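Biologist: I'd like to learn how to read a structure like this one, feature by feature. Could you take me through it, starting with the charged side chains?

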Amino acid sequence: HQVICWRAVASIAWAVLLLPPITLVFVIISKFSFLHPIQTISECLYLLTSASGIFSFILLCGVILIVGFLHLEYYTVIPTIACSKIALLGQLLHPRHFINSLVHCFMGVIVAWCCAVTMGLRYETLGYPCTESDGHPQMCLNEYHLILLLAGAFVGFSHSLLGVIYNMNYVSFHTVQQYKYLRFKRCLPLVVKCSATQALYSVRNYIVMYLFLGKCPFFMNKMLVAQPIHLLTALNNFFQIDYSVHPLDSIAGLLDLSLLYHLWSSATFLLLTWNITLLLFRIFVTEVYSFPVQSSFTEDSHQCLPKVLTEKQPMILKFLALQDLALLSQHSPSRRCEVFSLSQPGGHPHNWNAISKECLSLLTDLTQRLVAYHDTVATNGRAKSLSSGKDLMSPRPVFLMKTPASVFARSVAGTPQSPLTSLFTPDLDSPFASPALRRLTAPVDQCSPWYGTVQSPHIMRRAPKLWSTSTGEVEFQKSNISFSTHRSSNIQVLSNEVLPEASSQALFADSQAHIWALEGLSYLVQASFSEDQFGVVQTTLPSILSCMLVLQEAVDRHFKLPHASSKPVRSTSSMGDSTYKTLRFALRATLKTAIYRITTTFGDHLNAVQISAEHRKRLQQFLEYKE
Amino acid sequence: MCSLALFPPPLPSGQTTLCESNNELLSGASTEDRLKQESSPLSLHFPRESLKLHSRTESSSKAAFLDHSETLWMRSAAAWRDGGFTGLLNEITNSHTEVPKWLSMSSGCILALLRWVSSFHGSLFPHLTLSSEDMIAEFSQVLNWSDCVVRAFAWHPHTDKFAVALLDDSIKIYNPKSATTPTLKHRLQRSVAAVQWKPLCASALAVACQNCLLVWHVDPCSLSTRPSSGCAQVLSHPGHSPVTSIAWSPSGSLLLSASPMDSTMMVWDVAAESCVPLQRVGGGGVSFLSWSPDGSHVLASTPSALFRVWETRMWTCERWPCVKGRCQSGCWSPDGSRLLFTVQGEMVIYALTFTDAPGQLSHSGPQAAAVVADLSETTFSTPDGDIVVGGEIQSLVWDPRGERLAVLLKGDPQAADRPAIIAVFKTRANPIFELLPCGFVQGEAGAEPRLMQFHPNFQHGALLTVCWSNGRITHVPFYFVSAGVPHFGLSGSPLLPHPQQRPADFVNQSQHHHL
């Protein structure tokens, strides 16, 4: 566990170390003018040595630290996959994520303030001296400063929302091992590109929002006048708005190119520093860690591979141990030898037993999950299925996942129907009005954490904003309509909009572990053909083979379902890691390869292995290369 | 060091090489043996006339339609879609009547600047100016690729089936145990440069095409003769075309692809359709890949005088600059400890030995390559006149047991007395590594060898499959007893059908030899 913490600290330290060059680039970009290159340089130098510059830099370091610790707190190796839009909304409004969003929002303001100080000129302060019409000198509100701060808040907030939607906290492991520096070098251009485009979209959305809601500061001003509290009145008097200058909430005011450029560059700066912190965190945390297979000291035994494998928490350690197992079984004969060795007094193959048992239990778990899911889908939408499905799912250990309920919700509401038609004919002729279905959807909704808050104005405000950023105007209107019409049909309409193939993704969300277990087992069995001196593998070979064959059958059946074999759209231009979307294909390929690896190695010797006739038939197919 | 002067003289014309038995190559007159060979299900003949070739490429179909004037915006959008930034600039420059003068002027200037820069880049790496067909022909392992009926060939690593890519951009899969011969066609499957079966899998076939990489999944139990294009995964990456070389990892998990236009080498996770680009500065591209059979190293040669040897655990590489030309071909010994390669412009075979464990490659690897064979031109006198054999090498293949090495010599297509020919060496690793002469493999009169590959698990020695310029595919067995320890893990493959199709006395002889 300490290892993970040290890795996180190292990644944060690197992120802080990378901050000065990024800031320098940002300063140069924001100050650059073609006409006065020398003046640019002198201004930059002056800024970097000034007290405010140093202070804002320290603030930025603090922000990076907080972002880094948030990553450590929120990262996951098993993505949470929302099977419907309503589940997604539930995730977004989960208090945990909500706090995360608020913190990001706040940090966005801080970074924006630092940017404002750095850019100087008209952005520098919140107030500026002006004279009222009667010649009375006063402080006025600098809207340029305000717009920048609000932009920071908006970008930070939308960043964290998008993070939830795209599973940005998901840490994926790579099939290709590379040194950290090379990996970072490879990803850096991608991160810069992502940050720039994301900043562009955020700024666009922000501008649109500001255009509509830009009057708010003025209203606030007016409201403050009515307040009797002295402090606020003082504040109000302090910041008088200078109405003579061009108001920024008009189209003409917002079409100021220099303003747009500065907004975009500071948003890019903000996103870039955060994304680099995220990237470094991912790279450091997923680095291969070599666990000792066995230790000669008993106090170290809890750090050994068989022990770590069997532990449930934290998940990342289990994943690292499985990754290490897969690699050692491929590449290191000396460590394989330790796996096959017998314990000194007693002569029991404890290492192999622990490893194979854990891998097999992982695979069996996946098989059961697939079978249960398939049964539920097969009896599509009948009341019996859900209850039996729930019974099957409930005893499963915490190892997985927050979404089984939503998986079943998807299977229930699987009928494709255009949401708009169901909107205008909400109750009578829509298939969702059937009482059985009501009964089915109700428990799911009650389980979800946001139940009961749907009708609050809270959502009414947030939902359109969120969706307009993600899918555009149509969603905006649709959600408005849906909220204004039937409240009861709301839930159904939303839960009907199942994200395609999400349930299949959710089933295989943790399949990276299974992939490693398959690789580790098959390589170890392959190596045992020539390296296993005591025959420890032979005793478990029948169970390994039958486990793999049963899983193969379940996977084959699963891929016959609609949606299961459709490929997700590849999205390359986002920081979110979409590896989890294709894990099921990877699992299928790895499973086949693993069985072939064993059959190719053992060949006809497999006929001597005790397995059931049905499995033998299946195995014969593999021996003849007909799968 | 072995040289061609030690070889037995080539056969007179009309004789073809049949097999190796009792340590010598046996030949036969072609007519009688051709009949025998034709009866074998795996010996194929693709006459050029039987193939339906594309009369014109897709882009030229524009001329068949009437000219239709669109607005400038539409044309610009189309140009952006088809030709990217340069296409857009071209369009703006060409339609100078409709756009403001300053715009057409400036786009013309930018275009000229881009061309100048690219010509500068092209003068550094001359191969970048080639068209993509020419580039495949230049860097392919196939001799005279553009004129070849059989453009690529691949044995399945575990069973007796193989895939043949033909001049008409189709791929046929032959399996002696099944009556169906699936034909694979795909819209994107053009100018196939290489095909390779995925190891530890019955169905996946990777195809290197002009613009992308296709991975076909051909169900071996299916009776369909035309699998739909839905069975193919398309893997593409911007800038990564044409793909001239592919290599599966021996464990079947990863696929490498390389293009001479792209200095990055792609490591594909095929199931996830994701790739990791591995980039190193220098070389101007990657032209040829070869994964060592034990999976620890990858040879990646570049179009300039430089090749790299990657180790596959952490994907770091060693640079090997050559003196004369680029690395044309290379092959690994079965245990992955020795690399043989040839350099364009030189007539020798070099060897590199990797003795240490993977991971420490960069510290104590070999310091320089050793010359193990000299293939400079040698004149043999035959009844038909003098024949000059030797010269530059097109490709090298080593059989999976590491006992026979086949070398395809380019020859000179203009001169009649300098034919392209396959020279086969015996290889011996102990006590020192050396190559010993075995003989030349020749086909019918007038047929040149174009492409060759060893069968991955032939029980009685080695089986060399040769594709000839007349569209014929023949198999030449080499019967010998392996000197090294028998290989584990290859017993899964059933016995080959070939021994029955050979003249029976050869079998007897070879078995005699075993005893």
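Modeller: Happy to. Keep in mind that this is a predicted model. Start in chain A, where Arg336(A) and Glu531(A) form a salt bridge, with N and O 2.8 Å apart.

Biologist: What does the pair Arg336(A) and Glu531(A) tie together?

Modeller: The general idea is that side chains of opposite charge can pair when their charged atoms come close. In this case Arg336(A) sits in helix α14 (residues 333–340) of chain A and Glu531(A) in helix α24 (residues 511–531) of chain A, so the salt bridge links parts that are 195 residues apart in sequence.

Biologist: Is Arg336(A) buried or exposed?

Modeller: Arg336(A) is buried, at a relative accessible area of 9%. Its partner Glu531(A) has 27% and is partly exposed.

Biologist: Now chain B. Which residue forms a salt bridge with Arg418(B)?

Modeller: That's Glu377(B), and the closest N and O atoms are 3.1 Å apart. This one runs from loop to loop: Arg418(B) is between β28 (404–409) and β29 (421–428) of chain B, while Glu377(B) is between β24 and β25 (378–382) of chain B, so parts 41 residues apart in sequence are tied together. Both ends are partly exposed, Arg418(B) with a relative accessible area of 29% and Glu377(B) with 40%.

Biologist: What about Glu448(B), which residue does it form a salt bridge with?

Modeller: With Arg450(B), and here the closest N and O atoms are 3.5 Å apart. Arg450(B) is buried at 5% relative accessibility, whereas Glu448(B) is partly exposed at 22%. Salt bridges can also share partners: Asp365(A), Arg369(A) and Asp510(A) are joined into one network that way.

Biologist: How many salt bridges are there over all chains?

Modeller: A search of the whole structure turns up 17.

Biologist: Let's move on to strands. How should I think about the side chains in one?

Modeller: In a regular strand, side chains alternate between the two faces of the sheet. A good place to look is β24 (residues 370–374) of chain B, which pairs with strand β1 (residues 2–3) of chain B in the parallel sense over 2 bridges. There, Cys2(B) is opposite Ala373(B) of β24(B).

Biologist: In what sense do strand β23 (residues 348–353) of chain B and β24(B) pair, parallel or antiparallel?

Modeller: Antiparallel, over 4 bridges. In β24(B), Ala370(B) has Ala351(B) standing opposite. Chain B as a whole has 33 strands and 7 helices.

Biologist: And the helices? How do I spot a buried face?

Modeller: An α-helix has 3.6 residues a turn, so residues three or four places apart point the same way. Try helix α4 (residues 132–139) of chain B, where Met135(B), Ile136(B) and Phe139(B) are buried. Looking down the axis of α4(B), you find the buried residues within an arc of 100°, so they line one face of the helix.

Biologist: What share of the residues in chain B is buried?

Modeller: Of its 515 residues, 54% are buried. Chain B has an accessible surface of about 22600 Å², and carbon and sulfur atoms account for 56% of that.

Biologist: Any backbone oddities to check?

Modeller: Most residues other than glycine have a negative phi, and most peptide bonds are trans. In chain B, the bond between Ser241(B) and Pro242(B) is cis, with omega about -5°. Pro242(B) is in the loop between β12 (232–235) and β13 (245–248) of chain B. In chain A, Asn167(A) is not a glycine yet has a positive phi of about 55°. Asn167(A) lies in the loop between α6 (143–165) and α7 (180–213) of chain A, and is buried at 5% relative accessibility. Tyr625(A) has a positive phi too, near 55°; Tyr625(A) is in the segment after α27 (613–623) of chain A and is buried, with a relative accessible area of 6%.

Biologist: Last one: over which residues of chain B does pLDDT stay under 50?

Modeller: Where pLDDT is low, the predicted coordinates should not be read in detail. That applies to residues 358–364 of chain B, where pLDDT stays under 50, and to residues 485–515 of chain B, also under 50. Chain B averages 83, with 86% of the residues scoring at least 70. For the complex, the predictor gives an ipTM of 0.86 and a pTM of 0.82.

Definitions and conventions:
Residues are numbered from 1 along each chain as its sequence is written. Chains are lettered from A and ligands numbered from 1 in the order in which they are written. This is a predicted model: local features need pLDDT of at least 70, side-chain atom pairs count only at pLDDT 80 or more; totals for chains, interfaces and linings use all residues. Side-chain values use heavy atoms; hydrogens and water are left out. Buried means under 20% relative accessible area, exposed over 50%, partly exposed in between (1.4 Å probe, protein chains only). Accessible areas come from the Shrake-Rupley method with a 1.4 Å probe; for residues, only the protein chains shown count as cover. Two strands pair if DSSP finds at least two bridges between them. A salt bridge is a side-chain nitrogen of Lys or Arg within 4 Å of a carboxyl oxygen of Asp or Glu. The arc is that of the directions from the helix axis to the C-beta atoms. pLDDT is the predictor's confidence in each residue, from 0 to 100. Contact means heavy atoms within 4.5 Å.
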